[in-house]
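Work through the exercises below with the model open beside you, and try each task before reading its solution.

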Amino acid sequence: MADRINLTPAQEKEVARQYEILKRGVVEIVPENGLWEKLARSIATDTPLKVKLGVDPTAPDIHLGHTVVIQKLRQFQDLGHIVQFLIGDFTGRIGDPTGRSETRKPLTEEQVKQNAETYVRQYSKILDISKVELHYNSKWLSKLNFSDVLHLASKMTVARMLERDDFEKRYRSNQSISLHEFFYPLMQGYDSVALKCDIELGGTDQKFNLLMGRHLQREYGLEEQVAIMLPLLEGLDGVQKMSKSLGNYIGIDEDPVEMYGKTMSIPDELMIKYFELVTQVPLKELRELEEGLKSGSLHPRDVKMKLARTIVEMYHDAEQAQHAEEEFKRVFQQRSLPEDLPQKKWSGPNPVNVVDLLHALELVASKGEGRRMIEQKAVRIDGERVEDIQAQIAVKDGMVVQVGKRKFARLTF
RNA sequence: GGAGGGGUAGCGAAGUGGCUAAACGCGGCAGACUGUAAAUCUGCUCCCUCUGGGUUCGGCGGUUCGAAUCCGUCCCCCUCCA
């Protein structure tokens, strides 16, 4: 196919340039030369590519894990291609199986709409949203009648469905799979049919669904999309993929200080990966950082601080990034108090038992935990360690209560 | 419809009448150390009116001096047969 497209040397160079940018961080492209060919044709015919990203409107809080794919979209956009942002409102309204056995609660139309708006707002931090094509899959999926659905279902076999990683795992480990779950890949694939997209992006966990898009496009007589798979970003624990439900995520709406601190808590080994996948720091600079770390000329902490700063800058600004860094140094390097700590009005008894105080201030989840924290020397009041769980505390205005390194409260009357 | 297997703390997984608030791993938290909320090491990790008390092992009801462990029943999951 490629050899049928005649490119001028300048065009050839442009294809190479775009390809170079686009393959950053990519794990797999199916078919392997597909992206190159699509780009070649796009440039030869001066037609932008249509790049699809589907999202489920259930979890409207975007975190860095999601941004891996969105950054890629941004690159496509910068190169003049068209981003097709697909909101799976139909699938979301029915309730998407997530690999967990419980079925998700169906969303109301109102919730879907709200979530979609939240998405658009958050995505606009990365994408030029004015140039994004917004689609809702209810537009076509809700129109299919039962015989359309049967026709669609006939394009796929049970055995092939069971090849999908999570179906296979669940099947093997004796967990239930509802019949309707088989339709999700079909619906997602059908979206590609409806959108006639050239490219679909997704995490490596989406491979099956992305291939389904290719399969169905072929079945419906369309040119097949190219599937581009990006790695799943590990979360703060460094092991499991970043996800909201695991609580190991950095949300792009989070405040600068929190965002900075969370970044500092990722394992050292993940720093370069984060740079590559969630920032636009040039590859060349990245290699230098990597070299520096290897040779010991760069301090891992400083590299991580640079990462944290870069990330905060992306979602806030340079000034706030700077401030977050100072705050971090103050609290964790110098072990002093954060600049502004949460104020709590105290209207309880005075004096008061320490444990009751901690519990009332919600610095501990239970009194048992409060006792534990004291036994573990984690509790300080105005900088003084409290080691007696019986201690009576005379509450003073402006008094600072601290549990561990991260939980603080300043008392006022 | 029939036969069999299974449901244990946030998750995974032991335990199959008292020694079990329940091993172990993961996750989480704290302390030490440090180079950061990395790594490593140590400790903790159901609740409370706490040298004691209360409530847990799918739900309910039994047996027993005593049950996560035995019985009945209901719910849910899986496998095979139809």
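Two residues are in contact when they have heavy atoms within 4.5 Å of each other, and helices (H or I, at least four residues) and strands (E, at least two) are DSSP runs, numbered from the N terminus. This is a predicted model, in which local features need pLDDT of at least 70 and side-chain atom pairs count only at pLDDT 80 or more, whereas totals for chains, interfaces and linings use all residues. Residues are numbered from 1 along each chain as its sequence is written, chains are lettered from A and ligands numbered from 1 in the order in which they are written, and side-chain values use heavy atoms, with hydrogens and water left out.

**Exercise 1. The chain as a whole**

Describe the overall make-up of chain A, beginning with its helices and strands.

Solution. Begin with the secondary structure: chain A has 18 helices and 13 strands. Next take the extent of the C-alpha trace, which spans about 80 × 55 × 40 Å along its principal axes. Then turn to burial, where buried means under 20% relative accessible area, exposed over 50%, and partly exposed in between (1.4 Å probe, protein chains only); of the 413 residues of chain A, 46% count as buried. Finally, consider the contacts between residues at least 6 apart in sequence, of which 70% join residues at least 24 apart.

**Exercise 2. Helix H13 and its surroundings**

Explain why helix H13 (residues 271-278) is described as largely enclosed by the rest of the structure, and find which helices its buried residues pack against.

Solution. The first step is to count: 6 of the 8 residues of H13 are buried, and the helix is therefore largely enclosed by the rest of the structure. The second step is to name them, namely Met271, Ile272, Tyr274, Phe275, Leu277 and Val278. The third step is to look for their partners, and these buried residues pack against helix H3 (64-78), helix H14 (283-295) and helix H15 (300-315).

**Exercise 3. The largest cavity**

Determine the volume of the largest cavity and identify which helix gives the most to its lining.

Solution. The terms come first: on a 1 Å grid over the protein atoms alone, a cavity is a set of points where a 1.4 Å probe fits but cannot get out, a pocket is an open set with protein on both sides within 12 Å along at least five of seven lines, and lining residues have an atom within 4 Å of a point. Grid points are joined across faces, edges and corners, and a volume is the space filled by probe spheres set on the points. By this rule there is 1 cavity of 30 Å³ or more, and about 70 Å³ of space lies in the largest cavity. Its lining includes Arg24, Val68, Leu230 and Leu277. H3 and H13 each supply at least two lining residues, and H3 gives the most, with 4 residues.

**Exercise 4. The second largest pocket**

Establish the volume of the second largest pocket and which elements supply its lining.

Solution. The volume of the second largest pocket is about 590 Å³. Of the 23 residues that line this pocket, Val257, Glu258, Val331, Phe332 and Arg406 are the closest to its centre. Helix H12 (256-264), helix H16 (318-333) and strand S13 (407-412) each supply at least two residues of the lining.

**Exercise 5. Glu224**

Locate Glu224 and list its contacts beyond its neighbours within four places in sequence.

Solution. Glu224 is found in the loop between helix H11 (207-219) and strand S6 (226-230), and at 22% relative accessibility it counts as partly exposed. Leaving aside neighbours within four places in sequence, Glu224 is in contact with Lys38, Asp198, Arg214, Gln217 and Arg218. A polar contact is a pair of N or O atoms within 3.5 Å, where, within protein, one must be able to donate a hydrogen and the other to accept it, and residues adjacent in sequence count only if both atoms are side-chain atoms. The side chain of Glu224 makes such a contact with the side chain of Arg218 (2.7 Å).

**Exercise 6. Backbone details**

Examine the peptide bond that joins Val30 and Pro31, and then the phi of Lys377.

Solution. Val30 and Pro31 are joined by a cis peptide bond, with omega about -10°, and Pro31 has its place in the loop between strand S1 (28-30) and helix H2 (34-45). A cis peptide bond also joins Asn350 and Pro351, with omega about 0°. Phi of Lys377 is near 60°, a positive value in a residue other than glycine; Lys377 lies in the loop between helix H18 (367-375) and strand S9 (379-381).
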